[in-house]
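The report that follows goes through selected side-chain contacts, strand pairing and backbone details of one protein chain. Please keep the sequence and the coordinates at hand while reading.

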Amino acid sequence: MSRVLSGIIPDEAVFADFRRQALSTDNWYSKYDKNGMEVWVEVAPVTSPQGNKNVPKVHKIKCRMTIKDVSAATMYDVLHDGQYRRKWDPTMLESFDIARLSPNADMGYYSWLCPKPLKNRDVVTLRSWQVTDDEYVIINCSVKHPKYPPRKDLVRAISLLTGYLVKAVGPNSCSFTYLSQADPKGSLPKWVVNKASQVLAPRVLKCVHKAGQSYPEWKKQNSPDQKPWLYPEQSILPMMDPSELTIQRADSLENVDESTQLDIQEGDKTEDSS
């Protein structure tokens, strides 16, 4: 997301590049393809351009789901509606919006449960969105703000570029793509990454789909006319000067090594299955 560095709020070039990655099949290999759900993984180079092999493990994952019974507009609302997320997101610990940066950008905090023995994670992100006639895009990247430093009880993860592309297929159907390039800040072994791509990612998308099926009825009973992501004038968040934020770089955070515990656990699993 290098273009963001020249201006903290993503510009049209950033959205265009995200769309390109979301729709591309080049340099991606399939990890899962079943029941209308596809998962691809793109692995980062093992060495940096300077030849340094001790670079953080940064993997990229892409998931696409065909949804035949929920409109693109509804799925977009589900992704934005923080109040509703508390109803459907089983891994969420805490989530809240912090401030507005522009009519289509804000800053927020999110923390989540990780499978044991991993430590739980959190992120502080700048989120931006764009809507056209039949397409909805949400992207985010990690930012740093002095009022929201890393917490001692959580590992601060990094979103280099994470987002959603929701394209209408019909009046009540859509294609839903999730793409993420993130550094979980921890020396995660290969089996963890594989498990996340093949098992956890489809599970999460199925959960989002189910949330979409229930959202219209829920929204009727919960401020049905309040959608500040569509109507910025409804937002009650304080405005923040984007210049107060900087991009959160992974190398500025402490790296937590969890690989030993995970390797031991995976070894136990292998023994148990033999």
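## Charges over rings

In this predicted model, the charged end of K62 sits over the ring of W28, at 4.2 Å from the centre of that ring. K62 also lies over the face of W40, where the distance to the ring centre is 5.4 Å.

## Aromatic pairs and the β4–β5 hairpin

The count of aromatic pairs comes to 9. One of them is formed by F96 and Y109, whose ring centres are 5.1 Å apart and whose planes meet at 20°, so the pair is stacked, the limit for stacking being an angle under 30 degrees. Because F96 belongs to strand β4 (residues 92-102) and Y109 to strand β5 (residues 105-112), the contact ties together parts of the chain that are 13 residues apart in sequence. As for accessibility, F96 is partly exposed, with a relative accessible area of 28%, whereas Y109 is buried, with a value of 5%.

How do β4 and β5 run, and how many bridges join them? The two strands run antiparallel and are joined by 8 bridges, and the hairpin that connects β4 to β5 does so through 2 residues. Within this pairing, D97 stands opposite G108 of β5.

## Helix α2 and the cluster around Y215

Helix α2 spans residues 72-80, and 8 of its 9 residues are buried, so the helix is largely enclosed by the rest of the structure. The buried residues are A72, T74, M75, Y76, D77, V78, L79 and H80, each of them falling under the 20% relative accessible area that defines the buried class.

One of these residues, T74, also figures in a contact between separated parts of the sequence: Y215 and T74 are 141 residues apart along the chain, yet their C-alpha atoms are 7.4 Å apart in space. Y215 lies in helix α4 and is buried, with a relative accessible area of 2%. Ring pairs link Y215 with Y84 and W218 into a cluster.

## Salt bridges

A search of the whole structure finds 14 salt bridges. Among them is the bridge between the side chains of D17 and R20, with an N to O distance of 2.8 Å. These two residues are 3 residues apart in helix α1 (residues 12-23), which means that about one helical turn separates them. In general, an α-helix has 3.6 residues a turn, so residues three or four places apart point the same way. D17 is partly exposed, with a relative accessible area of 31%.

R19 forms a salt bridge with E135, in which the closest N and O atoms are 2.6 Å apart. Since R19 lies in helix α1 and E135 in strand β7 (residues 135-144), the pair ties together parts that are 116 residues apart in sequence; both R19 and E135 are buried. A further bridge joins K60 to E42, with the closest N and O atoms 3.2 Å apart, and this pair links distant parts of the chain, K60 being in strand β3 (residues 59-67) and E42 in strand β2, 18 residues apart. K60 is buried, with a relative accessible area of 11%. Elsewhere, salt bridges with shared partners join E12, R19, E135 and K167 into one network.

## Backbone angles in two loops

Most residues other than glycine have a negative phi. N35, although not a glycine, has a positive phi of about 50°, and N35 is found in the loop between β1 (29-34) and β2 (37-43). With a relative accessibility of 70%, N35 counts as exposed.

S223 likewise has a positive phi of about 50° without being a glycine. S223 lies in the loop between α4 (190-220) and β11 (246-247), and at 40% relative accessibility S223 counts as partly exposed.

## A nonpolar surface patch

Which residues form a nonpolar patch on the surface? The patch consists of V131, L230 and Y231, which together have about 240 Å² of accessible area. L230 lies in the loop between α4 and β11, and its relative accessibility of 35% places L230 in the partly exposed class.

Methods:
Residues are numbered from 1 along each chain as its sequence is written. This is a predicted model: local features need pLDDT of at least 70, side-chain atom pairs count only at pLDDT 80 or more; totals for chains, interfaces and linings use all residues. Side-chain values use heavy atoms; hydrogens and water are left out. Buried means under 20% relative accessible area, exposed over 50%, partly exposed in between (1.4 Å probe, protein chains only). Helices (H or I, at least four residues) and strands (E, at least two) are DSSP runs, numbered from the N terminus. Rings of Phe, Tyr and Trp (its six-membered ring) pair if their centres lie within 6.5 Å; planes under 30 degrees apart count as stacked, over 60 as edge-to-face and the rest as tilted. A charge sits over a ring if NZ of Lys or CZ of Arg is within 6 Å of the ring centre and within 35 degrees of the ring normal. Two strands pair if DSSP finds at least two bridges between them. Patches are made of residues with over 30% relative accessible area and no salt bridge: like charges are joined within 9 Å, nonpolar side chains (Val, Leu, Ile, Met, Phe, Trp, Tyr) within 5 Å. Accessible areas come from the Shrake-Rupley method with a 1.4 Å probe; for residues, only the protein chains shown count as cover. A salt bridge is a side-chain nitrogen of Lys or Arg within 4 Å of a carboxyl oxygen of Asp or Glu.
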